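Biologist: I should like to examine one part of this model closely, namely the surroundings of the ligand. Please take the contacts in turn and then describe the shell as a whole.

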Amino acid sequence: MPDTFHPFDALMDITARPKTVFVRGEGSYLWDDTGRRYLDFVQGWAVNCLGHSPPAVAEAIAAQAKCLLTPSPAFYNEPSLKLANALVENSCFDQVFFANSGAEANEGAIKLARKYGTKYKNGAFEIITFEGGFHGRTLATMSASGKKAFEPLFEPKVPGFRKAQLNDIASVEELISSNTVAVMLEPIQGEAGVWPATDQFLKELRTLTSEHGMLLIVDEIQTGMGRTGKLFHYEHAGIAPDIMTLGKGIGGGVPLAALLATEHAACFDHGDQGGTFNGNPLMCAAGLAVLEQVGKPEFLKSVADAGLFLESELQRLSARHGLGEVRGRGLLLALDLKLPIGAAIVAQAFSKGLLINSPQPDALRFMPALNASRAEIAEMIEGLDAILTQVGAARRVA
Ligand code: PLP
């Protein structure tokens with residue numbers, strides 16, 4: 001082994017990471033290998049909806065692990081049947097295909113839409129997506145995304161995605177042709193900096209897609225599983241999409257994702273879709289434990305209330321420090337910084353034991369555990385207040 005051996009070097013260097021190793025998590029807190037505690041308002045990027053290592057999920061996984069890990073996707077297993085039925089009962093969809101990541105669920109949605117086009121729309125295959133949208137890191141989902149930084153990468157992209165402007169129905173109408181089979185969007189563009197589609201725009205999209213016999217696909221990988229105060233964000237707009245994808249929160253911290261479709265849209269034939277680990281009982285047992293908690297009306301109400309509290313506290317901070325608007329819904333919120341100081345604030349916060357995220361240089365994003373307490377929200381606000389004071393003082397000196 002060379003003298004310069006460093007334990008981090010065996011992992012591909014795919015992003016800038018602090019050289020800190022996390023060893024334990026509980027609720028809203030994480031601990032590193034030196035015993036240092038961090039208040040976590042990132043939660044694995046909106047993944048740990050019940051916080052770190054929630055007992056209900058840990059116990060469900062342990063019990064399932066002793067019982068059955070994977071019988072093969074060619075056979076049924078109990079947890080996947082139970083979870084699929086629970087998702088169907090709690091949504092406007094009729095059928096579920098489980099996947100292992102959000103990108104894989106979105107690949108499935110894209111394939112399903114193309115299949116629908118082949119079967120029912122004379123081979124229509126184009127999907128209208130949105131500038132600023134993010135749907136994952138496989139080749140097709142990068143192609144579907146409207147993230148500027150993706151544009152020069154991995155050419156040639158998968159063809160068949162045309163980009164409209166969020167909240168501009170005319171820009172969608174302009175792109176419709178006989179080749180168009182679907183419109184796909186995140187109800188809140190998370191990675192772009194938490195930019196919500198308005199409820200009115202979602203309604204207009206539903207009307208427009210129905211008029212043209214097109215499918216409406218909602219990517220609820222970030223907004224789903226209670227994050228916005230309803231189990232699924234589309235409920236806010238009172239619409240029923242044809243296809244929805246879930247990821248992140250659905251597994252409460254383990255790799256689980258899902259593609260849901262109404263009966264008329266669920267048109268795969270045998271051989272079109274599959275995957276070795278898809279719907280494995282271990283992950284589905286975790287998903288069931290999550291849904292059991294998150295699906296309760298009183299839990300969803302508590303998320304909405306906590307979201308309003310966090311929003312008002314962020315607005316107070318914004319006024320105090322001369323910052324911009326607070327955007328988003330429930331516990332998916334962004335604070336507009338008006339200046340490209342997000343990375344500096346995130347680094348300062350990290351050094352003080354507070355984990356927050358800056359998806360864009362001028363925005364901070366907050367994705368706490370859905371059961372974060374008022375005291376934890378107040379602790380985060382207090383920490384951020386001190387950091388903003390320091391950053392403001394440094395800017396005045398500079
Ligand atoms: N879609 C949305 C809206 C997302 O936020 C993400 C991840 O950030 C994805 C898709 C991709 O999910 P995954 O990273 O699990 O592949």
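Which atom of the ligand lies 3.4 Å from a polar backbone atom of F134?

Modeller: It is a nitrogen atom of the ligand that lies at 3.4 Å from a polar backbone atom of F134. Please bear in mind that this is a predicted model. Two further polar contacts involve oxygen atoms of the ligand. In one, the partner is a backbone N or O atom of A103, at a distance of 2.8 Å. In the other, a polar side-chain atom of K248 is 3.0 Å from a ligand oxygen atom. As for cover, the ligand on its own has 390 Å² of accessible area, and the protein covers 82% of it.

The shell as a whole consists of 13 residues around the ligand. A103 and K248 are among the closest, together with G102, D219 and Q222. Sorted by class, the shell holds 6 polar, 4 charged and 3 nonpolar residues. Of the contributors to this shell, helix α4, which spans residues 102-120, gives the most, with 3 residues.

A feature of the protein surface may be added to this account. L139, L153 and F154 make a nonpolar surface patch of about 280 Å². F154 is placed in the loop between α5 (139-144) and β6 (161-164). Because its relative accessibility is 54%, and exposed means over 50%, F154 counts as exposed.

Note on methods:
Residues numbered from 1 in each chain as written. Predicted model: local features only at pLDDT ≥ 70, side-chain atom pairs only at ≥ 80, totals over all residues. Heavy atoms only, no water. Patch = residues over 30% accessible without salt bridge, like charges linked within 9 Å, V, L, I, M, F, W, Y side chains within 5 Å. Areas by Shrake-Rupley, 256 points an atom, 1.4 Å probe, with all protein chains shown as cover. Salt bridge = Lys/Arg side-chain N within 4 Å of Asp/Glu carboxyl O. Helix = DSSP H or I, 4+ residues; strand = E, 2+ residues; numbered from the N terminus. Buried < 20%, exposed > 50% of the residue type's maximum accessible area, 1.4 Å probe, protein only. Near = heavy atom within 4 Å. Polar contact = N/O pair within 3.5 Å; in protein donor to acceptor, adjacent residues only side chain to side chain. Nonpolar A, V, L, I, M, F, W, Y, C, P; charged D, E, K, R; others polar.
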